[in-house]
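Thank you all for making the time this morning. I would like to take you through one model, beginning with its strands and ending with its rings and a few single side chains.

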Amino acid sequence: MRIILFFDLPSVTYNDQKEYSKFHKFLIKNGYIMMQESVYAKLALNNSVVLSEKEKLKKNKPAKGLVQILVITEKQFSRMEYIIGNKKTDVVDTESRLIIL
């Protein structure tokens with residue numbers, strides 16, 4: 001499963017910029033990979049991981065703005081089509097090091 005997170009945060013005031021930076025750092029620290037500006041993705045093994053991530057996001061959400069998530073399967077994610085541009089190859093985004101206990 002993939003968690004795809006979309007967000008649109010205000011960045012008018014200094015406090016808005018600080019909130020944006022804090023939320024961005026939270027996403028990176030928690031394993032989200034930037035797909036494009038304000039769109040991040042994270043691999044989730046099962047539904048309980050998704051629920052856990054939702055709770056973390058709710059606890060660390062910014063005060064203002066819009067944050068949305070979409071959960072899709074790996075098969076759906078792999079069928080993503082690139083209309084223009086290419087897939088970034090500098091980001092390692094595979095399951096090759098995944099260990100299931």
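Before I name any helix, let me say that helices here are DSSP runs of type H or I with at least four residues, that strands are E runs of at least two, and that both are numbered from the N terminus. By that convention Asp16 has its place in helix H1. Please keep in mind throughout that what you have in front of you is a predicted model.

Let me stay with Asp16 for a moment. At a relative accessibility of 9%, Asp16 counts as buried, the cut-off for that word being under 20%. If we set aside residues up to four places away in sequence, Asp16 touches Pro10, Ser11 and Lys64. The C-alpha atom of Asp16 is also separated by 9.5 Å from that of Gly65, a residue 49 positions apart from it along the chain.

Now to the sheet. In what order do the four strands of the open sheet stand? The order is S2-S3-S1-S4, and the pairing is antiparallel. Strand S2, residues 33–36, and strand S4, residues 66–72, are at the edges with a single partner strand each, so each of them has one side without a neighbour in the sheet. From one strand to the next, the twist averages 30°.

Strand S1, which covers residues 2–8, is joined to strand S3, residues 39–43, by five bridges, the two strands running antiparallel. With S4, strand S1 shares seven bridges, and this pair too runs antiparallel. Phe6 shows both sides of the arrangement, since we find Val39 of S3 opposite Phe6, while in S4 the residue opposite Phe6 is Gln68. Further along the S1 and S3 pairing, Ile3 has Lys42 as its bridge partner in S3. Five of the seven residues of S1 are buried, and the strand is therefore largely enclosed by the rest of the structure.

Helix H1, residues 14–29, lies across S1, S3 and S4, and runs at about 170° to S1.

That brings me to the rings, where the structure holds four aromatic pairs. One of them is formed by Phe7 and Tyr20, a tilted pair with 5.8 Å from centre to centre and 50° between the planes. Because Phe7 belongs to strand S1 and Tyr20 to helix H1, this pair ties together parts that are 13 residues apart in sequence. Are the two partners buried or exposed? Phe7 is buried, with 4% relative accessible area, whereas Tyr20 is partly exposed, at 32%.

A second pair is that of Phe23 and Phe26, whose ring centres are 6.3 Å apart and whose planes meet at 25°, so this pair counts as stacked. The two residues are three apart in helix H1, which separates them by about one helical turn. Phe23 is buried at 2% relative accessibility, and Phe26 is buried as well, with a relative accessible area of 12%. Taken together, Phe7, Tyr20, Phe23, Phe26 and Tyr40 make up one aromatic cluster.

One last contact involves a charged side chain and a ring: Arg2 lies over the face of Phe77, 4.1 Å from the ring centre.

I will stop there and take your questions.

How values were computed. Residues numbered from 1 in each chain as written. Predicted model: local features only at pLDDT ≥ 70, side-chain atom pairs only at ≥ 80, totals over all residues. Heavy atoms only, no water. Pairing = 2+ DSSP bridges. Axes fitted to C-alpha atoms, helices over the stretch in contact; angles between N-to-C directions. Contact = heavy atoms within 4.5 Å. Phe/Tyr/Trp six-rings, centres within 6.5 Å; stacked < 30°, edge-to-face > 60°. Buried < 20%, exposed > 50% of the residue type's maximum accessible area, 1.4 Å probe, protein only. Lys NZ or Arg CZ within 6 Å of the ring centre and 35° of its normal.
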